[in-house]
Amino acid sequence: MTIPTFQKLIRNVYTLSELKLKISNSEILHCTQPDQIKIERIITLHQDVPNSLSYASDKSYLKSAKESKATVVMIPKELGPQMDRVCLLVDNVDLALIEILALYFPEKHPQGKIQKWVVIDSSASVGSNSDIGNFVSIGANSKIGKNCIIADGVKIGDNVTIGDDARIGPNCVFFDGTTIGNRFICFGNTTIGGDGFRFVEIQKGVHHKIPQVGSVTIGDDVEIGSNTCIDRGGLDDTVIGSGTKIDNDVQIAHNVKIGKGVIVAGATAIAGSAVVEDYCKISGACAVADHITLPSGTMLAGGSGLRNTPEKADVYAGWDWNLTFREFQKFRANVKHILNLNMIVKRIKDIEQKMGIGGN
Amino acid sequence: MTIPTFQKLIRNVYTLSELKLKISNSEILHCTQPDQIKIERIITLHQDVPNSLSYASDKSYLKSAKESKATVVMIPKELGPQMDRVCLLVDNVDLALIEILALYFPEKHPQGKIQKWVVIDSSASVGSNSDIGNFVSIGANSKIGKNCIIADGVKIGDNVTIGDDARIGPNCVFFDGTTIGNRFICFGNTTIGGDGFRFVEIQKGVHHKIPQVGSVTIGDDVEIGSNTCIDRGGLDDTVIGSGTKIDNDVQIAHNVKIGKGVIVAGATAIAGSAVVEDYCKISGACAVADHITLPSGTMLAGGSGLRNTPEKADVYAGWDWNLTFREFQKFRANVKHILNLNMIVKRIKDIEQKMGIGGN
Amino acid sequence: MTIPTFQKLIRNVYTLSELKLKISNSEILHCTQPDQIKIERIITLHQDVPNSLSYASDKSYLKSAKESKATVVMIPKELGPQMDRVCLLVDNVDLALIEILALYFPEKHPQGKIQKWVVIDSSASVGSNSDIGNFVSIGANSKIGKNCIIADGVKIGDNVTIGDDARIGPNCVFFDGTTIGNRFICFGNTTIGGDGFRFVEIQKGVHHKIPQVGSVTIGDDVEIGSNTCIDRGGLDDTVIGSGTKIDNDVQIAHNVKIGKGVIVAGATAIAGSAVVEDYCKISGACAVADHITLPSGTMLAGGSGLRNTPEKADVYAGWDWNLTFREFQKFRANVKHILNLNMIVKRIKDIEQKMGIGGN
């Protein structure tokens, strides 16, 4: 038995009966004394920890759910008839999991505390009940909303606007003019609003910098990971739509327009002036070329490169060949033939010689 | 009409007449009262903002320039005869744009202000008129030039030299011994001079660290984006030549030598001891293998990998196949045939069988 | 002659005689007065610096070692008979180099100094003789071991444990609950323990965040570069085994398990729940897909992508095709034929037409 580090800190304990009351419309299966079952940890199906609850989101996890050593397994109601162990039946396992995790790991709430070593320009404002950590600076005319938590070491330039309920991790940087909506989340060492990368070469090797005077505009409910960069626009703004989630180590260049509800996974790069329309999902380690458009709902498989605007929304894969994922699977299945292309060419030549045709 | 965030802050307004005077050798076209035309914003051709100036660098933007709702469009003189709208004719649009942007968005100048919460070692020096932000530390024997702006949270180690007129963004880190020329620019959370990644494995899985005692030497007029890393050399220095521009999220390993006037776009990685000669242009999301040399003037298309030193300077593309961009375009055009290679092989086999040749 | 920046700072000078005494079991070759030879710099074979020592790890450098302008060249004993110049013969050149570099560039040792502008929670502890830099914060219940050097600007959350002898560079961030063993090294702007990237989409485009309540557990003797991210686990911990070395700009997603003695070079991304078993070596700019396993000892060539768990440990290469490096070399050799696949197909069609077979 190994208890994950963070779970050792859990102080809240609920009985199964109590959990049933907390999760609306839930039911208990195969348990006669749910008020005697204490749940102290939330674990994956393969872990072995006493007094624990695990979960199976759908039937693909049915076998693991049956075999799990968790004290209780939370499953969708429709799987109930197939289980003969203690279960908590719920309408939607993922949403119920979110509720349960919030019980055991209650979020930190701000307390309106501004620490000691903080520099807030006299023209800046901080909303009620927001926490500002040490070694933070907030520049001229910037506005931080209410109920925010700004962690230690964050640097906020001039004319920055951040909405209510933000959670900003340590050492993030927001350059002048960045505008962010409500409920913004970001983690450590992320940089928003640095200059776009644009130079003009008049004389060979002499690159004149074009001033970057656009900014970055971010909607509501956006989450950004750690060590991600989003550059300011050249003249217009770089835009991140509401509900979009961006992972770690992502590079988003100047003038990019990302729509609503988009997913961008880790280590992806999106080049200048690309447009990623609403609801696109870009997996990790992808590259999107400059000035192209991903139609609404387009998906990129992990490690994909896209150089041209695709004709329509689909799942694309492969490095820079605009293949759909299905085509890419055919590509992969044929790679073994590529390794023998020299022999294939030789066989064709042999045939041609025998037939007295061709020349090459 | 949407005014970009940052442009809402513009306080300077010039009439078209005044702009003409500011831009040397410029002319006004199709405008009888240029002193009545106020320019308050600088926009792209597709934006619709009153009292605005836009620009078209060359004839490829001619149609957009004609249709633009900008009050004035700045164009090269040779396009004048094709326009029947209000224009500002200039010798070089890009250089004129740089001048105009500087009028509307004047650069911040340092004022020789050293903030309160700053640690400057007694053996370090800061040149005249340089600004040092809060939460900055400057180590022993380090020298910062004059007219620099060192933003909040920057950490400068021992024996670091930074020339005049530097602009260093928040939370950047410079390890001991880094040497940088004049007019250096970098943005947020960039790290210069961390140890190179070199270990020796004597016994399986036991990696002995080789001390990294080279440093990083950066020339004049270098710009570096956000969240980029440049490692110190092992024994000798990692070198970045004068006039080179490096984007965000770039990884430059130990002992790399980058020449003068080189461009390295975002999310690119350059492995240890690679040499990138003068005037190379490396697009975004590229990978350059260790110990190879890119001859002067070599270009890499976006998302390219290069494992071997190419025979000569050219434009290369593709992931690790040393193709020129032209060859890569042929590769891409033939990908559809790869998907059917199994059928191609089958057709050859059928032919061979019919002819009674071959065996496989 | 160019002396590398950092080497100009060397204050310790040893004679060749003294070096011989310092390096156990070493011998001097072709030198009558080794106490007259002063060594002031440690250089590569191609540099030209007076009073210098260089080294050749094995016979592949024999020619360069013979031609080197270094005053003394350190070589393995078995190469002695082939040399007619001043040499220092040693059992293992790399290990001897580590010893010599430590003589010329002595490591900084902590002095138990806690700087002035530091926030250490009253429930946190710092071990004896550890240095804590300025602008550092250490949260509730966190424990820092003894003899550590925590550089300026590091942010350590609550319930973080860091073992003895750590060397942590400026502006690194450690989120709540991170646990790290002894002799940890990391450089600048690295972020450990940010939330994993997991959302559930119930309604189109509305991404519900799944709380990430696992943490990060790191073993002993781990080194991590600059601007690298390691996310906390979802429920269980993200784990980095002892002796593992991770370079700059690496992204390690939630729930990843990395074994012991693993190498992960720069700009690589490892997706969620991937398993990298002991002694794997992942080169730079690689991508490892989520939920796959790299068997113990697997190697990935630079710029490789791996989407599926390989059948066995081997050296893999290519972007996402699960080729061994040998197969990948065949692939590369055949790329030229891919460029002509359209002609190959045409030749087959011509043959078929001549033979009156096929149709397509």
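Copies of a chain are superposed by least squares on the C-alpha atoms of residues with pLDDT of at least 70 in both, and this is the way in which two chains of the structure above, a predicted model, can be compared. Treated in this manner, chain A can be laid on chain C with an RMSD of 0.0 Å by a turn of 120° and a shift of 0.0 Å along the axis. The two copies are thus related as by a three-fold rotation axis.

Chains A and C also touch each other, in a contact that takes 63 residues from chain A and 62 residues from chain C. On the side of chain A that touches chain C, the helices α3 (93-104), α4 and α5 of chain A each supply at least two residues, and the largest share, 7 residues, comes from α5(A). When the residues of this side of chain A are sorted by character, 30 are nonpolar, 23 are polar and 10 are charged. Only 17% of the interface residues of chain A are also interface residues in chain C, and therefore the copies meet through different surfaces.

Within a single copy, chain A is divided into domain 1 (5-104), domain 2 (118-285) and domain 3 (326-355). The centres of domain 1 of chain A and domain 2 of chain A, taken over C-alpha atoms, are separated by 38 Å.

We can now turn to one helix, α4 of chain A, which runs over residues 325-338. Because each residue should add 1.5 Å, the 14 residues of this helix are expected to span 20 Å, and the 19 Å between its end C-alpha atoms agrees with that. There is nevertheless a bend of about 30° in α4(A), placed at Arg332(A). Phe328(A), Phe331(A) and Ile338(A) are buried in α4(A), and the buried residues of this helix pack against β38 (315-317), β39 (323-324) and α5 (341-355) of chain A, but also against α4 (325-338) and α5 (341-355) of chain B and α4 (325-338) of chain C.

A last stop is in chain B, where Leu323(B) has its place in strand β39 (residues 323-324). Leu323(B) counts as buried because it has 26 C-beta neighbours inside 10 Å, while 20 or more are enough for a residue to be called buried. Leaving aside its neighbours within four places in sequence, Leu323(B) is in contact with Tyr316(B), Ala317(B), Gly318(B), Phe328(B) and Phe331(B), and also with Val335(C). Ser304(B) lies 19 residues from Leu323(B) in sequence, and the C-alpha atoms of these two residues are 9.5 Å apart in space.

Technical notes:
Residues are numbered from 1 along each chain as its sequence is written. Chains are lettered from A and ligands numbered from 1 in the order in which they are written. This is a predicted model: local features need pLDDT of at least 70, side-chain atom pairs count only at pLDDT 80 or more; totals for chains, interfaces and linings use all residues. Helices (H or I, at least four residues) and strands (E, at least two) are DSSP runs, numbered from the N terminus. A residue is buried if 20 or more other C-beta atoms lie within 10 Å of its own, exposed if 12 or fewer, and partly exposed in between; C-beta atoms are placed from the backbone. Two residues are in contact if their C-beta atoms, placed from the backbone, lie within 7 Å. The expected span of a helix is 1.5 Å times one less than its number of residues. The bend at a residue is the angle between axes fitted to the seven residues ending there and the seven starting there. Domain bounds come from an automatic or database domain assignment. Ala, Val, Leu, Ile, Met, Phe, Trp, Tyr, Cys and Pro count as nonpolar, Asp, Glu, Lys and Arg as charged, and the others, Gly among them, as polar.
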